[in-house]
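Me: I'd like to go through this one label by label and ask what earns each of them. Here it is.
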Amino acid sequence: MPDLLQGAFDFLRPLLPARLRSDIPVVPVVRLTGVIGVSTPLRPGLMLATAARTLERAFGLRNARAVALSINSPGGSPAQSHLIFRRIRQLAEEKNIPVIAFIEDLGASGGYMLACAADEIVCDAFALVGSIGVVGGSFGFPKLMDRLGIERRIYSSGERKVMLDPFQPEKPEDVVRIKAVQADMHASFIALVKARRGTRLAGDDATLFSGEFWTANRAIELGLADRIGDLRGAMRERYGEKVRLRLIEADRSFLGRRLAGVGGALSAEGLADDLISAAEARALWSRYGL
C-alpha cells in the first residue's frame, strides 16, 4: 500500500504548482538597496524596522535551499547596518539555511557589512566593494552668525552636551573625542569582517581597513569577496536550471508606498526633511562616483 501511495504521488507531482513541489529548489531573494538609516515620511530608509519582516518571510519560505541578498548600498548608519546584519545571521542559524550575497553597483561601508552576513559574496564585474571605515562630518557657521549679527543661545547640562555644535567654533578637544568614538566603531567593524571572512582575507590590515574601496576583481584578490557572477546565473549553477528565484518584497501601505518602521503625518517640515534626506543620500552615492 505505501508503494502504491508513493507511486500515485510521483505521478501527480508534475501537476502540482511549482511552489508546492519539494523537488524544485526555491531561493528567496531579498533586495537590500539604498542608504542605510536615512529615513523620512516620504523616503523610508533601509533599517531593521523596514527589513525585518521581509527577512523573516524569506527565511520562512517553504523548500528554501538558500537566501539570496541582492545588495546595492553605499552604507549609512553603522547601528542599523549591524542590526540588519545580526538579524540575517540569527535567522540563518535558526533555519540552518545558507546565505549568498550579490553585490550589484556598490557594497560599501555599511553595505559591505550587510554582505558579510552571507556565507559567500558574489559581485558583478563592475561592482565597487569595501570602504571599511567610519566617516562623519558637519558644517560650521560661527563666522556667518557674526556677520549676520545673530546670537546663538543654547542651554545645556553637561559640558560635552553641545560638542561639535555647528554654530560655535570647533574645539580641538571635541575633534579628539569624536575621532576616538570613530576609532572604537572602526575596530568593531574590523573585528566583524575578520570574524566573517576569516582565512579568506589576503591583504594586510593597513590595506584592507583603510577605508578604501576596490573593483570586484581586486576585492576578490584581497579576500573581501569570493567571485564574479550574477544572481540568476549563480543560483542556476548551484541548484540547477529549474531553480525558482522568488523575490520577497517589502510590505506596502494602501497607497502603494513601502511601509516604514514608524509612520508620520506629511507636513512642510516632513517635506524639508525629505529634501535633506535626498541630499544626504546623493552625497553618499557620489562619494563612489555613482
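Me: How many disulfides does the structure hold, and what would make a pair of cysteines count as one?

Reply: Zero disulfides here, in what is a predicted model. To count, two cysteine sulfur atoms would have to lie within 2.5 Å, so with a total of zero, no pair meets that cut-off.

Me: Cys 116 and Cys 123: buried or exposed, and how do you know?

Reply: Buried means under 20% relative accessible area. Cys 116 comes in at 1%, so it is buried. Cys 123 has 0% and is therefore buried too.

Me: What makes Arg 31 and Glu 104 a salt bridge?

Reply: The cut-off is 4 Å between a side-chain nitrogen of Lys or Arg and a carboxyl oxygen of Asp or Glu. For Arg 31 and Glu 104 the closest N and O atoms are 3.2 Å apart, so the pair qualifies. It links distant parts of the chain: Arg 31 sits in strand β1 (residues 26-33) and Glu 104 in strand β3 (residues 99-108), 73 residues apart.

Me: And why are Arg 31 and Glu 104 called partly exposed?

Reply: Partly exposed covers the range between the 20% limit for buried and the 50% limit for exposed. Arg 31 has 42% and Glu 104 has 27%, so both fall in that range.

Me: How do you know that Arg 227 and Glu 120 form a salt bridge?

Reply: Their closest N and O atoms are 2.8 Å apart, which is within 4 Å, so the label holds. Again distant parts of the chain are linked, with Arg 227 in strand β7 (residues 227-228) and Glu 120 in strand β4 (residues 120-123), 107 residues apart. The two partners get separate labels: Glu 120 is buried at 13%, whereas Arg 227 is partly exposed at 24%.

Me: What about Asp 205 and Lys 194?

Reply: Those side chains meet at 2.8 Å, N to O, so they pass the 4 Å test as well. Asp 205 is in helix α7 (residues 205-208) and Lys 194 in helix α6 (residues 172-197), 11 residues apart. Asp 205, at 41%, is partly exposed, and so is Lys 194, at 36%.

Me: How many salt bridges are there in the structure, and which residues are linked in a network?

Reply: The structure holds 13. Arg 89, Glu 93, Asp 119 and Arg 196 are linked in a network of salt bridges.

Me: What makes the largest nonpolar core a core?

Reply: The residues have to be buried, of the nonpolar kinds, and joined through side-chain atoms within 4.5 Å. Here the largest such set has 51 residues, and Leu 69, Ile 88, Tyr 112, Val 193 and Leu 224 have the most contacts inside it. Helix α2 (residues 48-59) gives the largest share, six residues. A second, separate core has 11 residues, among them Val 29, Ala 66, Met 235 and Val 243.

Me: Which residues does Ile 88 contact beyond its neighbours within four places in sequence?

Reply: Leu 32, Leu 55, Phe 59, Leu 69, Val 99 and Ala 117.

Me: Why is β3 called largely enclosed?

Reply: Eight of its 10 residues are buried, so the rest of the structure largely encloses it. β3 also pairs with strand β2 (residues 67-73) in the parallel sense.

Me: How do you know that β2 and β3 pair?

Reply: At least two bridges are needed, and there are six between β2 and β3, so they pair. One bridge joins Ala 68 to Ile 100 in β3.

Me: What makes the phi of Asn 96 worth a look?

Reply: Most residues other than glycine have a negative phi. Asn 96 is not a glycine, yet its phi is positive, about 55°. Asn 96 lies in the loop between α3 (78-95) and β3, and at 69% relative accessible area it is over the 50% limit, so it is exposed.

Me: And Ser 109: buried or exposed?

Reply: At 14%, Ser 109 is under the 20% limit, so it is buried. Ser 109 also has a positive phi, near 55°, and is found in the loop between β3 and α4 (110-115).

Terms used
Residues are numbered from 1 along each chain as its sequence is written. This is a predicted model: local features need pLDDT of at least 70, side-chain atom pairs count only at pLDDT 80 or more; totals for chains, interfaces and linings use all residues. Side-chain values use heavy atoms; hydrogens and water are left out. Helices (H or I, at least four residues) and strands (E, at least two) are DSSP runs, numbered from the N terminus. Buried means under 20% relative accessible area, exposed over 50%, partly exposed in between (1.4 Å probe, protein chains only). Contact means heavy atoms within 4.5 Å.
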